[in-house]
Each structure stands twice: as C-alpha cells, then as structure tokens.
Amino acid sequence: MAVNLKRRPFRIKDHNDYQLFAQKIIRRDDFHCRVPKCRTQMTTSVFSWQSALTVHHIKKRSLGGEDTFGNCITLCLDHHRMNENGKLKIGGDADRPIFDYRKSGRKD
Ligand SMILES: [Zn+2]
C-alpha cells in the first residue's frame, strides 16, 4: 500500500524536530505569511525563534490536528495573534486555506 507522505504526520520528538518541521513549512511557503496581501516575510536567511513568521495548525492540535504539511501553514505573528483572538478564522487546508475575517476584527 502506498504511503501518502503528504498526510503522514511528521515525527516530532523534541524541540529540534519541531524546528526542522517549522523550517520546512516556512520554506515551502516561500518565507511569507500565507494571508492574502500580507507582506510579512522573513528578512533573514537564518531561522530564528525571534522570526516574524510562525507555523499555524489549521486544525488545532488540541482538536486532533496533526503535524502534517497539509495541516500547517506559515503565518506572521500578527495574523497568528488575530487567529488566537478569534478575529481571523482559518479553514481549508494548506493547499487552499480559507481566511475569514470576523466583523469585530481589525484588519491591521
Ligand atoms: Zn500576515
């Protein structure tokens, strides 16, 4: 039986594994936040946890979302925060994420 690599969860045992996974996601997303028209990008070639970019799980891990390339996208810190505050809902998958601004949310 063929293994669908895209859907297979990335094996994450420790912080280094997670960092490697995050780097792969951010690199796939061409070092840019995936929110349309957001211009935030990584300005350094060196990955750092002070980076302006983070990895977002479309389906939260607490709800069973996995560390797969299909479930994770790159977001800037601002859009990640908006998502956490409920001002920006994100659905779909990494191929076709759906961004939905809530009325109470700000777009800045
Ligand atoms: Zn952004």
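In the next few minutes I will walk through the fold of this protein chain, then its core, and then one pair of strands.

Please keep in mind throughout that what we are looking at is a predicted model. The protein chain contains two helices and four strands, and if you read along the sequence, these elements follow the pattern α-β-β-α-β-β. Of the 108 residues in the protein chain, buried residues make up 19%. As for how distant parts of the sequence come together, if we take the contacts between residues at least 6 apart in sequence, 47% of them join residues at least 24 apart.

Let me turn to the core. The largest nonpolar core is a set of 12 residues, among them A22, I25, I26, M42, L53, V55 and I73. Which elements each supply at least two residues of this core? They are the helix α1, covering 15–28, and the strands β1, at 53–57, and β2, at 72–76, and of the elements that contribute, β2 gives the most, with four residues. I would like you to find I26, one of the core residues, on the structure, and to set aside its neighbours within four places in sequence, as I26 is then seen in contact with F31, M42, L53, V55 and T74.

Finally, let us look at the last two strands. Strand β3, residues 88–92, and strand β4, residues 97–101, run antiparallel and are joined by five bridges. One pairing you can look up yourselves is that of K89, whose bridge partner in β4 is D100. How many residues does the hairpin use to join β3 to β4? The hairpin passes from β3 to β4 through four residues.

Notes:
Residues are numbered from 1 along each chain as its sequence is written. This is a predicted model: local features need pLDDT of at least 70, side-chain atom pairs count only at pLDDT 80 or more; totals for chains, interfaces and linings use all residues. Two strands pair if DSSP finds at least two bridges between them. A nonpolar core is a set of buried Ala, Val, Leu, Ile, Met, Phe, Trp, Tyr and Cys residues joined through C-beta atoms within 7 Å. A residue is buried if 20 or more other C-beta atoms lie within 10 Å of its own, exposed if 12 or fewer, and partly exposed in between; C-beta atoms are placed from the backbone. Two residues are in contact if their C-beta atoms, placed from the backbone, lie within 7 Å.
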